[in-house]
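Here is a short tour of one protein model, going from its overall build to a handful of single residues. Keep the structure open beside you as you read.

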Amino acid sequence: MGQVTDALTASRVPARLGRFVLRMFRPQIYVTYGVLWTLALEGTAEALSGPSGHWTPSWSTVVRAVSVVLALLFARMVDEQKDLDYDRRHHPDRPLVTGAITVAELRGAMALIAVLVAVLNALISAVSVLLILLGLGYTLFLVALERWSPRIGTGLLVNLLVSYPVQLLLSVYLYLSLLTGDAIDGDGRAVPLLAMFACVFLQFEFARKTEWRQDPQARLYSEVLGPRGSAAVSLALAVGAAALALLLFGTAGRLPALSIVFPALGAWRFLVRRRPSGLMLPAMGFVLLFNLLCFYGSTALAIGR
């Protein structure tokens with residue numbers, strides 16, 4: 001009887017994981033972001049490579065895009081476990097709190113993701129395998145780091161400082177995987193290129209945690225910097241991304257730089273109209289449009305060579 005029960009329980013795991021993903025990792029947002037991020041970074045890296053560049057989307061691009069999306073899902077699963085005690089007090093409807101998913105099920109899915117990305121990236125290069133696993137490993141390292149020093153988990157800016165490298169490592173993975181595959185010629189412009197994508201991500205990170213309401217338990221940057229200060233940082237990061245696009249691509253950078261209209265609108269809605277959460281949706285629009293226009297612009301440049 002026990003074996004039958006276990007078998008029935010195991011058969012329900014995929015459905016439980018599917019419901020978790022649909023709720024906590026909305027594909028229309030995260031999959032779109034992961035794919036556009038991959039295409040935009042690869043396309044712009046190729047455009048910077050000059051006439052010798054010969055990058056075009058390929059099966060390797062598909063592998064990298066899938067790896068980025070799965071790495072983001074892996075990080076979401078880790079965060080769900082790491083924040084369990086906090087969620088029990090402040091978000092009692094979360095899947096892990098309600099029992100809609102279990103820690104064991106999430107860890108099994110994480111192990112499967114690690115194996116899958118390693119196998120997929122072995123088709124590209126050993127460096128690609130190492131870098132994508134390094135990204136997953138750093139995500140797990142953060143859990144141990146926060147247990148060792150609770151201040152890292154409770155201090156928002158300190159936590160951002162130590163957790164942001166997860167996203168940076170994925171950008172480095174994309175760039176070096178492309179470079180070691182002889183798809184591009186690398187040079188020192190890789191640094192401002194990666195900085196540009198860092199600004200795009202961080203402007204959304206600040207925007208989504210900036211509100212007028214005061215709630216020390218909500219983990220908002222506006223609790224530390226003030227609503228105006230946090231909104232200013234988000235807008236400054238968007239301006240930084242647009243400026244780096246112009247610096248790297250000259251007049252061709254005007255296309256992605258036009259995306260600045262979204263965070264500018266968000267800042268106006270939040271600071272002038274005092275909309276409670278006026279920053280987040282425009283910031284999301286900026287991320288998606290900037291990445292899309294970077295890819296479109298780099299493709300146009302490649303065709304025009």
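## Contacts and overall build

A contact here means that heavy atoms lie within 4.5 Å. With that in hand, consider the contacts in the protein with a separation of 6 or more: residues 24 or more positions apart account for 71% of them. Please bear in mind that this is a predicted model.

The protein has 16 helices and zero strands. Along the principal axes, its C-alpha atoms fill a box of roughly 70 × 50 × 35 Å. How does the radius of gyration of the protein compare with that of a compact globule? For 305 residues such a globule would have a value near 19 Å, and the protein, with 20 Å, agrees with this.

## Surface and charge

Of the 305 residues in the protein, 48% are buried. The area that the protein exposes is about 14900 Å², and 68% of this is supplied by carbon and sulfur atoms.

As for charge, the protein carries 26 positive and 18 negative charges. The mean positions of these two groups are 7 Å apart.

## The nonpolar cores

Nonpolar side chains tend to be buried together in soluble globular proteins. In this model, the largest nonpolar core has 65 residues. Which of them have the most contacts inside this core? They are Trp37, Met77, Tyr175, Leu193, Met196 and Phe290. Helix H11, covering residues 190–208, gives the most to this core, with 10 residues. Apart from the largest core lies another one of six residues, including Ala207, Trp212, Ala231 and Ala283.

## Phe290 and Pro256

Let us look at one of those well-connected core residues, Phe290. Not counting residues up to four places away in sequence, Phe290 touches Met196, Val200, Ala241, Ala242, Ala245, Pro256 and Ser259.

One of these partners, Pro256, is found in helix H14, residues 254–257. Is Pro256 buried or exposed? Its relative accessible area is 4%, so Pro256 counts as buried. Beyond its neighbours within four places in sequence, Pro256 is in contact with Ala245, Phe290, Leu293 and Cys294. Pro256 and Ala241 are 15 residues apart in sequence, and their C-alpha atoms are 9.0 Å apart in space.

## Leu17 in helix H1

Leu17 sits in helix H1, which covers residues 2–24. With a relative accessible area of 17%, Leu17 is buried. Which residues does Leu17 contact, leaving aside its neighbours within four places in sequence? The partners are Met77, Ile101, Glu105, Leu106 and Ala109. Among them, Met77 is also listed with the residues that have the most contacts inside the largest nonpolar core.

Leu17 can also be placed relative to Leu288: the two are 271 residues apart in sequence and 26 Å apart in space, C-alpha to C-alpha.

## Asn159 and Ala111

Asn159 is found in helix H9, residues 156–163. At 17% relative accessibility, Asn159 counts as buried because the cut-off is under 20%. Apart from neighbours within four places in sequence, Asn159 is in contact with Glu146, Ile152 and Gly153.

Ala111 lies in helix H6, residues 103–122. Its relative accessible area of 42% makes Ala111 partly exposed. The C-alpha atoms of Ala111 and Val31 are separated by 20 Å, and these residues are 80 apart along the chain.

## Arg274, a positive phi in a loop

Most residues other than glycine have a negative phi. Arg274, although not a glycine, has a positive phi of about 55 degrees. Where is Arg274 placed? Look in the loop between helix H15 (261–272) and helix H16 (280–304). At 44% relative accessibility, Arg274 counts as partly exposed.

Note on methods
Residues are numbered from 1 along each chain as its sequence is written. Side-chain values use heavy atoms; hydrogens and water are left out. A nonpolar core is a set of buried Ala, Val, Leu, Ile, Met, Phe, Trp, Tyr and Cys residues joined through side-chain atoms within 4.5 Å. Buried means under 20% relative accessible area, exposed over 50%, partly exposed in between (1.4 Å probe, protein chains only). Helices (H or I, at least four residues) and strands (E, at least two) are DSSP runs, numbered from the N terminus. The radius of gyration is taken over C-alpha atoms; the globule rule is 2.2 Å times the number of residues to the power 0.38. Accessible areas come from the Shrake-Rupley method with a 1.4 Å probe; for residues, only the protein chains shown count as cover. Lys and Arg count as positive and Asp and Glu as negative; His and the chain ends are not counted. The place of a charge is taken as NZ of Lys, CZ of Arg, CG of Asp or CD of Glu.
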